[in-house]
Amino acid sequence: MNKQQCITILGSTGSIGMSTLDVLGRHPGQYRIHALTASSQVDLMLAQCAQFLPEVAVMAQEPAGKLLAQRVRAEGLPVQVRWGAAALDEVACAPAVDAVMAAIVGAAGLSPCMAAARAGKRLMLANKEALVVGGEVFMRAVREGGALLLPIDSEHSAIFQSLPEDPSSWQRRVQKIILTASGGPFRTRDPRTLKDVTPEQACAHPNWVMGRKISVDSATMMNKALEVIEARYLFGLSAQQLEVVIHPQSVIHSMVQFRDHSVVAQLGTPDMRVPIAYGLSWPERITSGAAALDFHALSAMTFEAMDTPEHLQRFPGLRLAWDTLKGPPGSCAVLNAANEMAVAAFLEQRIRFDQIHSVNQQTLDSLVCAPPNGLDDLLDLDSLSRQKAKEIIVGLR
């Protein structure tokens, strides 16, 4: 990799964004940062601007943007500060940018991801919602823009690394994809006690350090449901070719089973810097900063089926992945919006942990929508779904 790559990081103050900056910092001269973006964390964004000197810093919220601009001027940093949705789109598709790390959590990341895709960027997708919400609309933008789509979720990166290099051979060679799930903090908890779970307990993941929203999704297994949907669009296989197995140690990140029943798996320590480094350097490899996997120190690796009665009761949301993939176009966008609203309500202690699934299911059952044809349709559907979920949440209390 000889040419210096110019990078935009969407969501630089989140866990994926900070891990990306950690990897970039290990390779001075190989990368330069065009833009960093965040929602509202002004102090952290200011520190990142001082350390990495991006050309542009974008805050999603205007008050945060204006405050950051004042502080950047006071520090004398040569960084242009902007704010708002249009600015996010512009730094994602700027002509100078070679690659975009898409790490904005939730549907808010859809528009800048679409902008990067249409502009033909190397798009490193850590925002699974872009595919869950965007579906075929998003994939069409990738194809028409000539973008290179590289998955950053540890599971999807593992699948990508395990598949043959020629995508045209996947259909005839691959029997199924097996996504591994840790089971989260409640893998062995009595399902009858889940109504008593607190936000702090739900965010205490046993293996991964993640943001609060994705930690709750891991605890409900909705994160895995969204990953199943993402895998369907990323790899072009049918929903029936996607399987989930619980692997508590999080050493095998996912597997591909081929027609001859051989299985190729990707292993590594549970550190997001590994798939980030792979996405940044593909098809090459660079150092990530993650610890090497020590096979001598590994405990036994175990696996559990998802379809046991207790797991089905413990994680009812997982089946919604297959339900929405079989449902009318736009169903996955409805599920994502409902889940974002439900998780936010749980974290604010407005609903119980076990009611997250109820909000998701009721929202899906309540809406019948026209197939979305573009970004505006998707955003309208997202807004409508959030409003319906909000009404359901109020009714649950």
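Thr37 sits opposite Val58 in β3, one contact point in the pairing of β2 with β3, which run parallel and are joined by four bridges. This is a predicted model, so treat everything below as read off computed coordinates. The β2–β3 pair belongs to an open sheet of seven strands with parallel pairing, and the notes below walk through that sheet, then a cavity, a pocket and one exposed proline.

**The sheet as a whole**

- Which order do the strands take across the sheet? Reading across, it goes β4-β3-β2-β1-β5-β6-β7.
- β4 (80-83) and β7 are the edge strands. Each has a single partner strand, so one side of each is left without a neighbour in the sheet.
- On average, neighbouring strands of this sheet are turned by 20° against each other, direction ignored.
- As background, strands of a sheet pair through backbone hydrogen bonds, and they can do that either parallel or antiparallel.

**β3 and its two neighbours**

- Strand β3 covers residues 56-59. Val56 and Val58 point one way, Ala57 and Met59 point the other way, and all are buried.
- To get from β2 to β3, the chain goes through helix α2 (residues 42-52), and this β-α-β crossover is right-handed.
- β3 also pairs with β4: four bridges join them, and the two run parallel.
- Within that pairing, Ala57 has Val81 of β4 as its bridge partner.
- The link from β3 to β4 passes through helix α3 (residues 62-75), and this β-α-β crossover is right-handed.

**β1, between β2 and β5**

- Is strand β1 (residues 5-10) enclosed or open? Six of its six residues are buried, so β1 is largely enclosed by the rest of the structure.
- Both faces of β1 are covered. Gln5, Ile7 and Ile9 are buried on one side, while Cys6, Thr8 and Leu10 are buried on the other.
- With strand β2 (residues 31-38), β1 shares six bridges, and the two run parallel.
- Two of the residue pairings with β2 are worth clicking on: Ile7 has Ile33 as its bridge partner, and Thr8 has Ala35.
- β1, helix α1 (residues 15-25) and β2 together make a right-handed β-α-β unit.
- β1 also pairs with β5, again in the parallel sense, over four bridges. Here Ile7 stands opposite Ala99, so Ile7 has a partner in β2 and one in β5.

**The cavity**

- Rolling a probe the size of a water molecule over the atoms shows where empty space is left.
- How many cavities of 30 Å³ or more turn up? The count is one, and the largest cavity has a volume of about 60 Å³.
- Its lining is made of Ser154, Ser157, Ala158, Gln161, Trp208, His253, Gln266, Thr269, Asp271, Val274 and Pro275.
- The elements giving two or more residues to this lining are α7 and α12 (273-281). The largest share, four residues, comes from α7.
- By class, the cavity lining has six polar, four nonpolar and one charged residues.

**The second largest pocket**

- The second largest pocket has a volume of about 450 Å³.
- It is lined by 21 residues, and the closest to its centre are Leu148, Leu149, Phe160, Pro167 and Trp170.
- Which elements give two or more residues to the lining of this pocket? They are α6 (129-145), β7 (148-151), α7 (154-162) and α11 (222-235).
- Helix α7 therefore turns up in the linings of both the pocket and the largest cavity.
- If you're thinking about the pocket's chemistry, its lining has 17 nonpolar, two polar and two charged residues.

**Pro95, out in a loop**

- Pro95 lies in the loop between α4 (85-93) and β5 (99-102).
- Is Pro95 buried or exposed? With a relative accessibility of 82%, Pro95 counts as exposed, because the cut-off for exposed is over 50%.
- Pro95 and Arg232 are 137 residues apart along the chain, and their C-alpha atoms are separated by 31 Å.

Key. Residues are numbered from 1 along each chain as its sequence is written. This is a predicted model: local features need pLDDT of at least 70, side-chain atom pairs count only at pLDDT 80 or more; totals for chains, interfaces and linings use all residues. Side-chain values use heavy atoms; hydrogens and water are left out. On a 1 Å grid over the protein atoms alone, a cavity is a set of points where a 1.4 Å probe fits but cannot get out, and a pocket is an open set with protein on both sides within 12 Å along at least five of seven lines; lining residues have an atom within 4 Å of a point. Grid points are joined across faces, edges and corners, and a volume is the space filled by probe spheres set on the points. Ala, Val, Leu, Ile, Met, Phe, Trp, Tyr, Cys and Pro count as nonpolar, Asp, Glu, Lys and Arg as charged, and the others, Gly among them, as polar. Buried means under 20% relative accessible area, exposed over 50%, partly exposed in between (1.4 Å probe, protein chains only). Two strands pair if DSSP finds at least two bridges between them. A crossover is right-handed if, with the strands pointing away from the viewer, the path from the first strand over the helix to the second runs clockwise. Axes are lines fitted to C-alpha atoms, for helices over the stretch in contact, and angles run from 0 to 180 degrees between N-to-C directions.
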